[in-house]
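Visitor: I would like to learn how to read symmetry, interfaces and ring contacts in a model. Please take me through them one at a time.

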4 protein chains.
Amino acid sequence: MALKMTIDEMTAFFDEVFPQVKGDFTVEALEEMGVTMRLNVSERHLRPGGTVSGPSMFGLADVAVYVAVLGMIGPEALTVTTNCSIDFMRKPVANADLIAKCKLLKLGRALAVGDVLLFSEGSDKPVARASLTYSIPPK
Amino acid sequence: MALKMTIDEMTAFFDEVFPQVKGDFTVEALEEMGVTMRLNVSERHLRPGGTVSGPSMFGLADVAVYVAVLGMIGPEALTVTTNCSIDFMRKPVANADLIAKCKLLKLGRALAVGDVLLFSEGSDKPVARASLTYSIPPK
Amino acid sequence: MALKMTIDEMTAFFDEVFPQVKGDFTVEALEEMGVTMRLNVSERHLRPGGTVSGPSMFGLADVAVYVAVLGMIGPEALTVTTNCSIDFMRKPVANADLIAKCKLLKLGRALAVGDVLLFSEGSDKPVARASLTYSIPPK
Amino acid sequence: MALKMTIDEMTAFFDEVFPQVKGDFTVEALEEMGVTMRLNVSERHLRPGGTVSGPSMFGLADVAVYVAVLGMIGPEALTVTTNCSIDFMRKPVANADLIAKCKLLKLGRALAVGDVLLFSEGSDKPVARASLTYSIPPK
């Protein structure tokens with residue numbers, strides 16, 4: 001299966017559908033069944049000590065799987081998260097962006113499953129891992 | 001076991017430790033091994049259509065278990081989330097606050113486990129359920 | 001919604017579809033959107049010390065949601081588990097049956113979500129909690 | 001960190017601690033922070049149609065993380081599973097062994113987190129993925 005969207009198309013679609021988080025995320029690389037996404041960390045993502053908050057990590061993992069799925073199926077805004085399991089394993093590095101590396105493990109007609117590792121930029125020890133299931137609406 | 005903090009003490013502690021989300025959450029009821037929390041929904045919690053975002057739902061569930069644990073053990077700011085599993089089951093009602101009902105199922109020396117149901121205010125069908133594990137630092 | 005199967009019909013269906021585990025489970029109570037199931041503990045479910053193994057606990061939680069779903073939709077053998085999150089919280093009591101109390105939190109056309117608490121018989125502290133998602137085949 | 005056990009030591013320890021499942025599992029490869037394990041499928045692991053049951057898949061994932069952790073810390077029998085999240089993504093191939101590929105993402109003093117992909121032997125599409133947390137007893 002080939003990609004159905006370029007990074008520019010994805011970014012334009014994403015900004016239109018989720019204007020509230022415009023500028024928060026950057027698609028670093030989009031490939032078949034996977035994506036690398038960046039959380040451009042700013043004040044509102046932080047907790048005391050300058051580390052990224054849990055909801056911000058969740059949000060990045062969620063967005064990464066969404067983008068990976070849409071890269072494969074095209075802009076289906078109604079694709080929704082049905083389940084997420086996330087393990088917080090290490091404290092993020094203070095004041096560093098977060099990088100999500102996402103792989104789709106399954107892309108069925110109705111359900112997609114993606115795995116995500118989150119890293120503080122410049123570190124190779126994951127701060128969190130997450131698995132998400134997305135429900136894809138029938139055509 | 002009796003509660004170690006009142007709602008006022010909890011709110012004051014919370015606002016001090018997490019100034020970034022001051023005003024977002026209200027402790028509605030604090031009891032032994034459980035809490036009812038409100039997410040005071042505002043623009044930044046919303047997605048198009050006026051429904052609460054996934055990260056905001058995650059954040060509310062996370063905070064609810066944190067508050068339930070601290071109610072029992074006192075203000076231990078270093079208590080951290082290690083795992084969360086969350087199912088998103090229904091679309092939240094537009095422009096309604098979210099209410100979290102949390103019960104602690106386990107409160108051990110090192111680990112606590114809490115279950116949370118999230119409701120749009122005024123509805124009795126849960127929009128999401130979550131289970132979270134917190135790691136409690138040794139004294 | 002009313003139940004579509006009695007306990008006897010459920011047991012007969014279950015024994016036919018899953019002959020490998022015949023006799024392992026007993027439906028104690030079947031109600032709308034919920035079930036109480038027993039694992040009749042025998043040697044093959046145990047670990048050293050006489051406590052029930054993790055896979056046996058998983059199996060009981062899985063079966064409980066399956067039975068709760070089929071109680072509501074009728075005998076759809078192709079209904080399959082897509083996700084399970086389980087927390088093991090306490091050591092089961094040695095040589096005691098396990099009791100699962102399951103509630104369905106969602107019963108949609110395509111997906112059902114159930115919550116399960118597992119208890120050693122005679123104890124009111126849950127040994128485990130689980131949430132499972134089932135995929136329901138289109139008619 | 002170097003491995004603290006060989007495959008032979010691991011197998012001997014495992015057979016002693018878990019005599020109930022002796023012969024079910026084979027350690028195919030043991031390395032730093034990871035393991036490849038085989039479920040030697042027999043009648044009791046199957047469901048109608050000859051596919052491996054959910055509890056058997058759970059059991060294999062569970063054992064894989066246990067073995068990966070013990071490979072790094074040595075034979076600590078009291079190391080216990082506290083959480084598992086598992087996604088069932090495809091039907092296993094009938095009458096084929098299952099292969100688990102496990103990587104430890106975190107090995108702390110008190111908690112370890114492992115990721116597992118399960119494959120039917122000879123297939124490169126995972127039938128399931130799982131993440132498990134183990135609690136390591138203090139020395």
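**Reading the copies and their contacts**

Guide: Of the residues of chain B, Ser85(B) comes closest to the rotation axis relating chain B to chain A, with its C-alpha at 2.1 Å. Before going on, note that this is a predicted model: local features need pLDDT of at least 70, side-chain atom pairs count only at pLDDT 80 or more, and totals for chains, interfaces and linings use all residues. Residues are numbered from 1 along each chain as its sequence is written, chains are lettered from A and ligands numbered from 1 in the order in which they are written, and side-chain values use heavy atoms, with hydrogens and water left out.

Visitor: What rotation and what shift superpose chain B on chain A?

Guide: In general, a rotation about an axis and a shift along it relate two copies of a chain. Here the rotation is 180 degrees and the shift along the axis is 0.0 Å, with an RMSD of 0.0 Å. The two copies are thus related as by a two-fold rotation axis. The fit is by least squares on the C-alpha atoms of residues with pLDDT of at least 70 in both copies.

Visitor: What operation superposes chain D on chain A?

Guide: A rotation of 180 degrees, with 0.0 Å of shift along its axis and an RMSD of 0.0 Å. The C-alpha of chain D nearest that axis belongs to Ser85(D), 3.3 Å away. Of the contact residues of chain D, 100% recur in chain A, so the same surface serves both copies.

Visitor: How many residues of chain B are in contact with chain A?

Guide: Contact means heavy atoms within 4.5 Å. By that rule, 21 residues of chain B are in contact with 21 residues of chain A. Buried area is the accessible area (1.4 Å probe) that two parts lose on being put together, summed over both. Chains B and A bury about 1,700 Å² between them, 56% of it on carbon and sulfur atoms. On the chain B side, Gln20(B), Phe58(B) and Phe88(B) lose the most area to chain A, together 30% of what that side buries. The copies meet through the same surface, because 100% of the interface residues of chain B are also interface residues in chain A.

Visitor: How many aromatic pairs does the structure hold over all chains?

Guide: Rings of Phe, Tyr and Trp (its six-membered ring) pair if their centres lie within 6.5 Å; planes under 30 degrees apart count as stacked, over 60 as edge-to-face and the rest as tilted. The structure holds 26 such pairs over all chains. Take Phe14(B) and Tyr66(B): their ring centres are 6.3 Å apart and their planes at 65 degrees, so the pair is edge-to-face. In chain A, Phe14(A), Phe18(A), Phe25(A), Tyr66(A) and Tyr134(A) form one aromatic cluster.

Visitor: Are Phe14(B) and Tyr66(B) buried or exposed?

Guide: Buried means under 20% relative accessible area, exposed over 50%, partly exposed in between (1.4 Å probe, protein chains only). Both Phe14(B) and Tyr66(B) are buried.

Visitor: Which ring does Lys101(B) lie over?

Guide: A charge sits over a ring if NZ of Lys or CZ of Arg is within 6 Å of the ring centre and within 35 degrees of the ring normal. Lys101(B) lies over the face of Phe119(B), at 5.8 Å from the ring centre.
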